[in-house]
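Biologist: I should like to learn how salt bridges are read from a model. Please begin with the general idea and then turn to the case at hand.

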Amino acid sequence: MDFLCPLCNGLERKVIVCEKCGGIMEDRGAVQEYFDDYSPYLDLEITRKVDGVPRDQCLHIFGCDTCGTDTKIAIGMVEY
């Protein structure tokens, strides 16, 4: 059974409201893309083992352009 992230693959868009200012937060991508310069090019099975969430979730960073707040949100993966 294989999983894919609906946000990483452009299947869905998640609207998150900033708790500090009420602005709409923007998806900055999956956390594993920020580990180092080469992590976006590594196999997802490697990087998903260190992001701290279960295998069926993808941890994304959402940022608010209005106040600069960042937050991490676990996104449920879908089977394919």
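Modeller: A salt bridge is counted where a side-chain nitrogen of Lys or Arg lies within 4 Å of a carboxyl oxygen of Asp or Glu. The model shown here is predicted. In it, the side chains of Arg28 and Asp65 meet in a salt bridge, with 2.7 Å from N to O.

Biologist: Which parts does the pair Arg28 and Asp65 tie together?

Modeller: Arg28 belongs to strand S3 (residues 24–30), while Asp65 sits in the loop between strand S4 (57–64) and strand S5 (70–76), so the pair joins parts that are 37 residues apart in sequence.

Biologist: How many salt bridges does the rule give?

Modeller: The count comes to two. Glu26 also forms a salt bridge with Arg28, and the closest N and O atoms of that pair are 3.5 Å apart. Glu26, Arg28 and Asp65 are thereby linked in a network of salt bridges.

Biologist: Are these residues buried or exposed?

Modeller: Buried means under 20% relative accessible area and exposed means over 50%, with partly exposed in between. Arg28, at 28%, is therefore partly exposed. Glu26 is also partly exposed, at 42%, whereas Asp65 counts as exposed at 56%.

Biologist: In what order do the elements of the protein run?

Modeller: The protein has one helix and six strands, and from the N terminus the order is β-β-β-α-β-β-β. Of its 80 residues, 34% are buried. Among contacts between residues at least 6 apart in sequence, 54% join residues at least 24 apart.

Terms used: Residues are numbered from 1 along each chain as its sequence is written. This is a predicted model: local features need pLDDT of at least 70, side-chain atom pairs count only at pLDDT 80 or more; totals for chains, interfaces and linings use all residues. Side-chain values use heavy atoms; hydrogens and water are left out. Helices (H or I, at least four residues) and strands (E, at least two) are DSSP runs, numbered from the N terminus. Buried means under 20% relative accessible area, exposed over 50%, partly exposed in between (1.4 Å probe, protein chains only). Contact means heavy atoms within 4.5 Å.
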